[in-house]
Amino acid sequence: MSAVDHTAPAHRWRGFAFALPIALLTVVPLLAVVGMALTPQPEIWQHLWNHVLPRVLGNTLLLMLIVSVVVLAVGVPLAWLTAMCDFPGRKFFAWALVLPLAIPAYVLAFVQMGLFEYAGPVQSFVRDVFGNSRWVPDIRGSLWGLVMVLVMAFYPYVYLMARSAFLTQGHRSMEAAQALGYSPTAAFFKVALPLARPWIGAGLALVLMEVLADFGAIAVFNFDTFTTALYKSWFDLHNIGAAAQLAAMLVLVVMLLLAAEQRSRSAQRFHVSNPQQHRVVLKGGSRWLASALCLLVFAAAFAVPMVQMVAWSLSVWREDLNSDYWGYAWNTLSLALMTAGIATVLALMLSWIRRRHGDGLTSWTVRLAVLGYAMPGVVLAVGVFVPIAWLDAWLMALLEPWGVQTLGIIKGSLAGMLLALAARFLAVAYNATDAAMQRITRSQEEACASLGLGPWQTLRRLHLPLLRTGLLSAFLMVVVDVMKEMPITLMMRQFGWDTLAVRVFQLTSESMWQEAALPALAIVLVGLLPVILLVLQTEKTPSSAG
Amino acid sequence: MKLWKTALCVSLVGAASLAQAAQPQAVTVYSSRIEALLKPTLDEYTKQTGVKINLLTDRGGSLSERLAAEGASSPADVLITVDVGNLWNAAERGLLQKVDSPTLNANVPANFRDEGNRWWGLSQRERTIFYSADRIKPEQLSTYEDLADPKWKGKLCLRTSKQAYTQSLVAMLIAKHGVEKAEAITKGWVSNLAGDVFTNDASLLKAIAAGQCDVGISNTYYYGRILAKEPEFNKTVKLFWANQGANQGGAHVNLSGAGVVKHAKNPEGARKLLEWLSSEKVQTAYTHGTYESPINKKAEQDPIVKAWGKFIPSPLNAGDIGSHQAEAIKLLDRVGYR
C-alpha cells in the first residue's frame, strides 16, 4: 500500500519525472532491441521458420512444462514437510534445502555431466561391475538430465515461497478444514494448497523465467532452446536483426510470465501467525520417509555436487591456483559489490518515489524499471552493447576536433557492464526493499510529519533505520546473483575483467570439468555466505519471504 | 606553502605521465584461441619486448560481432581466431586492415595467408578420423564421405554442429561435392551416430576409448594433448589420415591465424606482434605445447606431431571454406545435426 498523495494537482507528474530516469535503465535496451528487430530478414527467417524454430519452440515448451511439473513435485511437498510437520532433522533441512541457491545452474550442469557421462566415474563403475552400462541412459542427449539439473538449481524459489505460505496460513487453514470434517490429506489438497497458490504461482513464475533465461546449463547439455537459436542467429549466422527479432519474441513471453507472477503476488494475503504451535508430529514410517526425502533432495542438489567439486579441485589446485586466479576472484567480488551498490541505491530511490507518489503513472513507471529481470541476460547484453557502442562512436566523433584520442570512453570503463547488470537485477533489489518499505505504516510517517520533520528528514530518521535489514537483504541478493551471472559478463567484459563465472564457462566449453571445478567452488563458497544470511533473514520475517 | 605543494604534485604527475609515455604502447588482442594456450606465448613476448598485451578471449563468432558493433571505438588491435572460416569472414566484413609486411609474407607460405594481406595463418591443424584400435582395422577406413555408409550405423561419434570446426569441415564438403551431395553425406553421418553429439573433441576421443563408439572425427591436437598426459593412449585410440587415396581430396586442414583490426589504435605494435608470432623460433615454441603444425616451414614440429607421419592435405582455400560456412550451418540445421 502506498501513501496517499497529498501534493497539489500541479505536482502530479513529479513521481513520473523522478522515476523515469531510473526506468530508462531498462527501457533503453528494450527499445534498442525492438529497434534492431524492425529490419525484416526474409531469407534467414525462411530458414529459421522451416528448420530451426519448430524444434526449438517445441523443446523450450516441453522443457518449461516438465520443469514446472517436477519443480512443483519437489518444492511444495518439501515446503509442507518443513513448515508444518516435525520429523528427524527438520530444523536442519528447513534452511539446508535453500543452500542450492548458491550453486549456479551451469555448475550443477557440468558436475552432473562429468559424473554421469559415458567415460565418467558412475558409468565406468557400472561397466566394471556389470560388464556394460547400456541400461544407464546416456546423459548426453538427455532431456531428463537437463530437467533434473534445472529443478535442482531452481526448486529453492518454489520451496521458499511455498514455505512462506504454509508458515503463515497453513495452521489456520488446516484447523478450519479439519473442524469441518476433512481428513488431513483432503484438507491439504482442498484447503491449504489452494490458499497457498498465489505464493506457489509466484515461485513457479520465477523458476520459468530463470529457465528461459538460462544459457550455461543448456550449453553444457547441448540442448536447443530459444536462447540457443538466438545465439546461432547472432554469432554464427552474423545476423543481428534476426537475433533481435528472436530476442523481442523471448521478451514478450517472459513479460507474460512476469505479469502472471505479479498477479500472483497481489493475491497474496499476509497473516502473521505463530508457526511453532501445532506442528504435525509424524509417526512411524512417515517420519523416516520425510527425512529420507529431504536428505535425497539435499544430497542431489547440494551435498553430492559439492563433494565432487571439492574432489576435482583438490586434483588441480596446485597448478591452477596462481596469481591470475585471485584476479578473477577479485573481479567477481568487486563487480558484484559495485552492481549491488548501484542496484540497492536505485531500488531505495524507486521505493521512496513510489511511496511518496501513489498515482498510477508512477507505479507503471516503477514497474517498467524493474522489467530488466524479465529480459534474459543475452537480450540485455544486445540491448546495452549496441547503443553504448553508438554512443561511444558519436562521442569520439564529437571530441575528435579537440584531438582527444580516447577510445571507448564509456565502453572502456565498466559502465556498460554495470548498467546491464544493474538493469537485470534491479527487480531483485526492489522487491526486497519494497517489502521492507511496506511494513512502515502511514501513521508512523504522519507522526513524523506532525513533529515537523520534512520528507528528507523523515527518510533519514524514520525510513532508513527501519529499512536497514531490507536494504541488506537487497544488497546480498544482488551480490549472489551477479556472482552467478554469466551471459552478460561474458559478452560485455573488457580485457582484464574475466570473472570466475567466465572462467567456468570457458573451461566447460572445453569439457575440462576438473579445472572448472575450482572457480565453480569459489563462486559457491562465497555465495553461501549471503544465502545463509538471507535464510536467517527470512526465518525472522516469514511474512515477507521471497 | 600552497604553491610548493602544487608544484610538487604537478611534477609528480608529470614524471608519472612521462614514465607512461616512455613505456611502449600496449597491444590489445581479441582471441578465440583459449587463454591457456595463448597467454604463455604472449607473456613471453612481454618479457622480451616490454610491450604489455591485453587479452580478451571469446568464441570466434562473438568476437567478430563484437568488433562489428564496436566499430571505430574498438580497443582491439589484433584478432586471433582458430578457424580459417572465421578469419576469412572477418576480412570480408572489413574488420581487418591491409598490412604491408614482407616479414610476414616471407614467414607464412602463400596458400596459408590472405591474398589481400589482411590475415596470416599462425598454425596448422587437421581434422581427421580416429578409431578404436581393438574394434576397428585401418583397412575398414577410407574417407569422411564413407562414414555416411550404413555399415557404420551406431558406431560413429561426432562433435556438435555449433562448433566452427564441424562447420568448416562441412563447408569443405560443400565446396568439393556441392550442397546436395554434402547434405546426403551429413544425413548419413547423423543416422550413424552412436550417441548424442559431443561439445568437445577430448570427450569424443575418451568416448572412443571407453567404447561408446568405434570411430569419430576430431582435431589432431586434442589427440596430442591426451598423448602428452597418457603416452599409452595411442594403443587404445589410433589416428587415421582420411581421404589419402587418389582423387579423394586429402585430409581437412584448418588454420589458426591472425590479422590487424581495421580501427586498431596501435597498428605498429600489432604488426610487430604478428611478425614475432610467425618467426621461426616462436613458431617452434608456439606449436610445441599445442600439438599443431607450425606454419613457418623452417620451424620444427613437436615430436608427438611428427610421429603421426606425413599425409596428403586438402588444398586449403580459405575462400571456399569461409564462403560456404553460412550454407554449411543451414545444411546442418536441415539434416538435424545438432
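**Exercise 1.** In the predicted model, consider the contacts in chain B between residues at least 6 apart in sequence, and state what percentage of them join residues at least 24 apart.

*Solution.* Begin with the cut-off, since two residues are in contact if their C-beta atoms, placed from the backbone, lie within 7 Å. Next, keep the contacts in chain B between residues at least 6 apart in sequence, of which 77% join residues at least 24 apart. To complete the picture of this chain, add that chain B has 14 helices and nine strands, and that buried residues make up 51% of its 338 residues.

**Exercise 2.** Determine how many residues each chain brings to the contact between chain A and chain B, and which helix of chain A gives the most.

*Solution.* Count the two sides separately, which gives 33 residues from chain A and 35 residues from chain B. Then look at the side of chain A that touches chain B, where helices H2 (42-84), H9 (226-236) and H14 (377-399) of chain A each supply at least two residues. Of these, H14(A) gives the most, with six residues. Finally, sort that side of chain A by class, and you find 15 nonpolar, 10 polar and eight charged residues.

**Exercise 3.** Describe how domain 1 and domain 2 of chain A meet.

*Solution.* First set the bounds, with domain 1 of chain A covering 31-314 and domain 2 covering 321-546. Their centres, taken over C-alpha atoms, are separated by 23 Å, and 46 residues of domain 1 are in contact with 35 residues of domain 2. On the side of domain 1 that touches domain 2, H10(A) gives the most, with eight residues, and the classes there are 38 nonpolar, seven polar and one charged.

Methods
Residues numbered from 1 in each chain as written. Chains lettered and ligands numbered in written order. Predicted model: local features only at pLDDT ≥ 70, side-chain atom pairs only at ≥ 80, totals over all residues. Helix = DSSP H or I, 4+ residues; strand = E, 2+ residues; numbered from the N terminus. Nonpolar A, V, L, I, M, F, W, Y, C, P; charged D, E, K, R; others polar. Buried ≥ 20, exposed ≤ 12 C-beta atoms within 10 Å, placed from the backbone. Domains from an automatic or database assignment.
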